[in-house]
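Please open the model in your viewer and keep the sequence panel beside it. The tour below proceeds by selection, with a short account of what is found at each stop.

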Protein chains: 2
Amino acid sequence: MGRDGTPTRNKILAESKQLVFENGFSGTSIDQILERTGITKGAFFYHFKTKNALAKALIEEFAREDIHHMNEALKKTEDLKGDALDRLLRFIQEFIDMMCEVDEPYSCLYASYTYEPNQFDEETLNRIAETILTWRTTMEKLINDVLKKYDTKIEVDIQSLADHTVVIFEGAFVVSKALKGKDLTADHLRHLKNYFELIFEKKK
Amino acid sequence: MGRDGTPTRNKILAESKQLVFENGFSGTSIDQILERTGITKGAFFYHFKTKNALAKALIEEFAREDIHHMNEALKKTEDLKGDALDRLLRFIQEFIDMMCEVDEPYSCLYASYTYEPNQFDEETLNRIAETILTWRTTMEKLINDVLKKYDTKIEVDIQSLADHTVVIFEGAFVVSKALKGKDLTADHLRHLKNYFELIFEKKK
DNA sequence: TTTATTGTACCAACTAGTCTGTTTAAAATT
DNA sequence: AATTTTAAACAGACTAGTTGGTACAATAAA
């Protein structure tokens, strides 16, 4: 039954993600995507019914990978469950290491879409919120584990502390892109780690 | 000689800034701007030679206001120069107060432009970097003042600590837009304030 | 053969930008 | 003070190119 279209589909996804980071979504034309991929219009519209279907597929894939990274980092730190603070710090360290490996400023589709929200349907935008809320839940769990044996030196709202990680990711991406300094992202995650380190103190 | 064009020019700037936040820059058509302002094409292109001239004017105005806010906050805290840490914390508090007053998620043109960089010329993008670096310089000064009487509990790089404020602004804007929670921005500035509070300890 | 893919010509709507002309208000002249 | 001049400010029809999307023929594997 016909040939295998998945390489084509993947090429479209990969190249258009890149293009969206360079030009924004509405600044990226389908013709540009065709040129970059060497694919024709027929093939494109076979795989994606509309340009917005591509937008949705892009965010879907990006969100899946994002949550996958998060879960991988959770797994890698499972052995530290004994000291929940150690684990939390190692969890952040995983992403510091990840960001050190990259060789150009990292970009995030959430921010990209968020700054031209009218281009997308509710469902697409909800997918972004949903993923950020998944991060929130995960971080809340990690933090609450810490709070079993630690107090906070300053009174803090746990939910917003949980969100703070995503905030620093997003902010660091923007600034590192604007200043063209790929190392900035890791630096700011280190500050987040510092904050976690400083805010908790062992219960007596 | 002729009528006064500044109200028209200002209306164009105000409405197109709003449109850029909703649709992105390349997602905003000149026709849309005309519709929103009730102005005609002739008037638009009288005030701005090209669409990119508008982009530049927008970022110019935004940057000027941004630096103005920064300097206002500096002025308002001058009386606290005696204790540099107090001053730093009050400086951040100024922006917390500012963000509490707003009644919808705040948006930043720096992030908007940064996520479709190919739409703009070098000069426009440089204006963004320049402004962020002005923030860096200001924060470095505030922090170095603190360091005269305080040590840091954890070894930190001053430059990246200085940048951290902008990072948290930008990240908080993105997340508060994505989650449609206008209060989030202030919350995360509070975390920044906490961080500053925790990281410094009086020299003996 | 059949069905999943891909190629290409085409279209209506929209894009940024131009062109020519009109209005307006202040300054120069009477 | 009334009139004319001047240039800034605006109006809106027009254009050449681009946009997302369609129709349908061609091709390739099962």
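**First stop: Y115(B)**

Begin by selecting Y115(B), which lies in the loop between α6 and α7 (122-147) of chain B. The model is a predicted one. Is Y115(B) buried or exposed? With a relative accessibility of 2%, Y115(B) counts as buried, because the cut-off for a buried residue is under 20%.

Now display the surroundings of Y115(B). Neighbours within four places in sequence being left aside, Y115(B) is in contact with V20(A), F21(A), G24(A), S107(A), C108(A), A111(A), S112(A), E170(A), F173(A), V174(A) and K177(A). Within chain B, a distance may be drawn from Y115(B) to G24(B): the two C-alpha atoms are 9.1 Å apart in space, and the residues are 91 apart in sequence.

**Second stop: S112(B)**

Select S112(B) next, in helix α6 of chain B. Its relative accessible area is 2%, so S112(B) is buried. Which residues does S112(B) contact, leaving aside its neighbours within four places in sequence? They are Y115(A) and V20(B).

**Third stop: helix α1 of chain B**

V20(B) leads to the next selection, residues 6-23 of chain B, which form helix α1. This helix has 18 residues, and the distance from its first C-alpha to its last is 25 Å, close to the 26 Å expected at 1.5 Å a residue.

Colour the buried residues of α1(B): I12(B), L13(B), S16(B), L19(B), V20(B), F21(B), E22(B) and N23(B). Against which helices of chain B do the buried residues of α1(B) pack? The partners are α2 (30-37), α3 (41-47), α4 (51-76), α6 (109-114) and α8 (158-178). Move on to G24(B), just after α1(B), where phi is positive at about 80 degrees.

**Fourth stop: the two chains together**

Show both chains in full. Superposing chain A on chain B takes a rotation of 180 degrees with 0.0 Å of shift along its axis, and the RMSD is 0.1 Å. The two copies are therefore related as by a two-fold rotation axis. To locate the axis, select G171(A): of the residues of chain A, this one comes closest, with its C-alpha at 1.8 Å.

Through which surface do the copies meet? Of the interface residues of chain A, 100% are also interface residues in chain B, so the copies meet through the same surface.

**Fifth stop: chain A as a whole**

Hide chain B for an overview of chain A. Chain A contains 9 helices and 2 strands, and their pattern along the sequence is α-α-α-α-α-α-α-β-α-α-β. Along the principal axes, its C-alpha atoms fill a box of roughly 70 × 40 × 30 Å.

Chain A has 204 residues, of which 53% are buried. Among contacts in chain A with a separation of 6 or more, 72% are between residues 24 or more positions apart. About 9,500 Å² of chain A is exposed, with carbon and sulfur atoms supplying 48% of that area. Colouring by charge shows 29 positive and 35 negative charges in chain A, whose mean positions are 2 Å apart.

**Sixth stop: I158(A) and N194(A)**

Select I158(A) in helix α8 of chain A. Apart from neighbours within four places in sequence, I158(A) is in contact with E140(A), I143(A), N144(A) and L147(A). The C-alpha atoms of I158(A) and L147(A) are separated by 10.0 Å, with the residues 11 apart along the chain.

Bring chain B back and select N194(A), in helix α9 of chain A. At 11% relative accessibility, N194(A) counts as buried. N194(A) touches I154(B), V156(B) and Y195(B), residues up to four places away in sequence not being counted. Between N194(A) and L89(A), which are 105 residues apart in sequence, the C-alpha distance is 8.7 Å.

**Last stop: K180 in each chain**

Most residues other than glycine have a negative phi. Select K180(A), in the loop between α8 (158-178) and α9 (184-199) of chain A. Its phi is positive, near 55 degrees, and K180(A) is exposed at 59% relative accessibility.

Finish with K180(B), found in the loop between α8 and α9 (184-199) of chain B. Phi of K180(B) is also positive, near 50 degrees, and its relative accessible area of 60% makes K180(B) exposed.

Definitions and conventions
Residues are numbered from 1 along each chain as its sequence is written. Chains are lettered from A and ligands numbered from 1 in the order in which they are written. This is a predicted model: local features need pLDDT of at least 70, side-chain atom pairs count only at pLDDT 80 or more; totals for chains, interfaces and linings use all residues. Side-chain values use heavy atoms; hydrogens and water are left out. Helices (H or I, at least four residues) and strands (E, at least two) are DSSP runs, numbered from the N terminus. The expected span of a helix is 1.5 Å times one less than its number of residues. Buried means under 20% relative accessible area, exposed over 50%, partly exposed in between (1.4 Å probe, protein chains only). Contact means heavy atoms within 4.5 Å. Copies are superposed by least squares on the C-alpha atoms of residues with pLDDT of at least 70 in both. Accessible areas come from the Shrake-Rupley method with a 1.4 Å probe; for residues, only the protein chains shown count as cover. Lys and Arg count as positive and Asp and Glu as negative; His and the chain ends are not counted. The place of a charge is taken as NZ of Lys, CZ of Arg, CG of Asp or CD of Glu.
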